[in-house]
Amino acid sequence: MCAKERKSDVSKYLYLRTDGRSHNWHVRLVAPTEIHHLLVPAKREIRRSTGTPDRKKAQSIGARIIAEYREQWQGLRAELCEPAHEDALKAVGLTSTLIGQIGGARLGSWAFTDDAERFDYEGLDDDELAELEAFCEMTDAAMRSVLSQGRRSSIWQSTVQTVLDWCEDLGYRVEVTDPLFPKLVRRFADAEKTSASLIRQRNAGEAVDFPSQEAELPRLSSMVDLYEKHKGGNVVRKVLTTNVSIWQRFVAFCGDIPLDSASSGHVYRFLESRLKTEDEPWSQGYATGRAKNTLKEFFGLARTMSLMSSANPVSGLETHPRLTAEQVEERKQPRHPFDAGHLNKLFSSDWYAPNPVHIKGRVREDYGIRYWGPLISLFHGLRVRELVQLHSHDLRVVDGILLMSIQLDLDDTASSDGVARSLKNASTKRTIPVHPMLIALGFADFVDTVRKQHAVGAPLFPSAVPDSDSKSPLWGRAYEQAFLRHVRERLSFGHGYGNHSFRHTVEDRIRDVQLEHGIWPAGLSQFYTGRKLPRDSDKVFLRLQGSEIDYGKGYKPANMVKFVQLISFDDVDLPPSFDVWLRSVNARGRKKNLKG
């Protein structure tokens, strides 16, 4: 209730003990429900003695106690909203639903306070009852003035300030310039007038109840746990955490508003802010692709679970924030192919040295992945996760041809008991013939050795197996990072080069092969590299050959060999065969041990 603070506002928090153990007045204060989870149970309700039986003195001391705790709780409220102080609360756009919630919360607050004064404590004596009656009469007149005179009311400005303070208590910062702000003030004034009327009826001995309020609408933050449960197990951990991060950025930008209050304007301004920020700005494609689709999925889940009744705000976007052409180009994440010069430098580098000092951890002693990792990637264009997840059962000989399957774990294999493997999409799953050059270098013999020394389903590269106890286990993280550091820093290839460069390299070679030897069957090159869509640079070329994107069950590996063997790197000096290289590594190791 506003008008002016009633003299005995503190009185509603004062009470006397009924057990006779003290004649002093005590303060009882309940923390706001939205911060209960930040407090231990014993601190959610405060009961403190004022140290005096004198009611007037108790009011003065009680006011200081109340101010002390409210200041502490206001700090916790601010933490919930992320900003360090209430002035930094994110402004929210008003809607009829939100206005109803704010007004209903005000009614509920007075219902709680009045019930506590009358029934939970000592009740009201004659003086307190008269004081409360006078206050209700004053409030009724004041709120009628606001409702009848609007901005001309003598207490309009003080009421506006009370409304703003109340909204901030609830975690919202509203703007007086919002077109619906006058409606909010009217709703607030009506809640005050209704509360005063009900309290006066109770003062007269009538058993009236405050109207029941609608449950608070679910807010944006309530979607995180639900989304994680919905997507858990269906996507890899990185995808899940990235999507949740996008949503949490959106919540921080908008404030933790009800789901039904989110609008297409919120989405537009959020995407715009991420495009224009100087702190790791997003690219155009990421903002209006991945991020927009993630927000749409979150809101779609909320609607499906009946947590919001308004339309999906992402669907209401009729335009998008845009970067200039220059900005789009600047923010592209380049992925350059290796040329012959890069490859010759790599294969002659100390990556293939017996004991490279700069390669640390398990990769240093995993000779299989150090030798075969770059070569398999070169001839097959495997994604790094496809490479490091290879197991012995992924390779088999059929009709004299060594085949490689990019697949998930099979039943009854050792790998099924470890960290699950993953595929990027359905097009990734494929069975292809191993390139003849890899066989010439000793890959088939290497696979046979793994099979003889380990159980069925053993990983080809032990250093790639993730720690199952890790919070975010990821196959081949050590190899991926070690190789990336080697080519970008040690070989000075720079930004845009890494294991993915092999993928673009082999696709370039496939294109050159087709120019020289004739066009491949439609979709064969995409099937070989496990790409659903051709690269932008290849779309026109592949469209000329009538390439279908949906290749059904793909191609028989035996029919692919004559095409695959045409992919060559005659201008590259490859390492010696694996057995020769391994003997040199072991020989160096023995010499080192003898010297030691």
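In which loop is Asp399 found? Asp399 sits in the loop between β4 (395-398) and β5 (401-406). The model is predicted, and this briefing covers its backbone exceptions, aromatic pairs, salt bridges and surface charge. A search of the whole structure finds 33 aromatic pairs, and the structure holds 21 salt bridges.

**Backbone and loop positions**

- Asp399 is not a glycine, yet its phi is positive, at about 55°.
- The relative accessible area of Asp399 is 75%, so this residue counts as exposed.
- Ser492, likewise a residue other than glycine, has a positive phi near 60°.
- The loop between α17 (477-490) and α18 holds Ser492, and a relative accessibility of 60% makes Ser492 exposed.
- Thr319 is placed in the loop between α9 and α10 (325-330).
- With a relative accessible area of 48%, Thr319 is partly exposed.
- Thr319 and Ser264 are 55 residues apart along the chain, and their C-alpha atoms are separated by 9.9 Å.

**Aromatic pairs**

- The search of the whole structure yields 33 aromatic pairs; one of them is the stacked pair of Tyr227 and Phe298, with 3.9 Å centre to centre and 15° between the planes.
- This pair links distant parts of the chain, as Tyr227 belongs to helix α6 (residues 223-231) and Phe298 to helix α9, 71 residues apart.
- Tyr227 has a relative accessible area of 1% and is therefore buried.
- Phe298 is also buried, its relative accessibility being 0%.
- Trp372 and Phe578 form a tilted pair, because their ring centres are 5.6 Å apart and their planes stand at 40°.
- Distant parts of the chain are again linked: Trp372 lies in helix α13 (residues 367-380) and Phe578 in helix α22 (residues 578-595), 206 residues apart.
- Both Trp372 and Phe578 are buried.
- Trp372 and Phe578 also belong to a cluster linked by ring pairs, whose other members are Phe347, Tyr352, Tyr367, Tyr371, Phe443, Phe446, Phe461 and Trp581.

**Salt bridges**

- Side chains of opposite charge can pair when their charged atoms come close.
- The structure contains 21 salt bridges, among them one between Lys276 and Glu272, with the closest N and O atoms 3.2 Å apart.
- Lys276 and Glu272 are four residues apart in helix α8 (residues 264-276), which means that about one helical turn separates them.
- Lys276 is exposed at 60% relative accessibility, whereas Glu272 is partly exposed, with a relative accessible area of 23%.
- Glu386 and Arg383 form a salt bridge in which the closest N and O atoms are 2.7 Å apart.
- Glu386 and Arg383 are both buried.
- A salt bridge joins the side chains of Asp571 and Arg509, at 3.2 Å from N to O.
- Asp571 is in the loop between α21 (557-564) and α22, and Arg509 is in helix α18 (residues 499-517), so their pairing ties together parts that are 62 residues apart in sequence.
- Asp571 is partly exposed, at 41% relative accessibility.
- Arg509 has a relative accessibility of 18%; buried means under 20%, so Arg509 counts as buried.
- Asp114, Asp115, Arg118 and Arg202 are joined into one network by salt bridges that share partners.

**Surface charge**

- A patch of positive charge on the surface gathers Lys238, Arg290, Arg335, Lys424 and Arg477.
- Within this patch, Arg290 belongs to helix α9 (residues 284-304), the helix that also holds Phe298.
- Arg290 is partly exposed, with a relative accessibility of 31%.
- Patch members need over 30% relative accessible area, so the 31% of Arg290 satisfies that cut-off.

Notes: Residues numbered from 1 in each chain as written. Predicted model: local features only at pLDDT ≥ 70, side-chain atom pairs only at ≥ 80, totals over all residues. Heavy atoms only, no water. Patch = residues over 30% accessible without salt bridge, like charges linked within 9 Å, V, L, I, M, F, W, Y side chains within 5 Å. Areas by Shrake-Rupley, 256 points an atom, 1.4 Å probe, with all protein chains shown as cover. Salt bridge = Lys/Arg side-chain N within 4 Å of Asp/Glu carboxyl O. Lys, Arg positive; Asp, Glu negative; His and termini not counted. Charge placed at Lys NZ, Arg CZ, Asp CG, Glu CD. Helix = DSSP H or I, 4+ residues; strand = E, 2+ residues; numbered from the N terminus. Buried < 20%, exposed > 50% of the residue type's maximum accessible area, 1.4 Å probe, protein only. Phe/Tyr/Trp six-rings, centres within 6.5 Å; stacked < 30°, edge-to-face > 60°.
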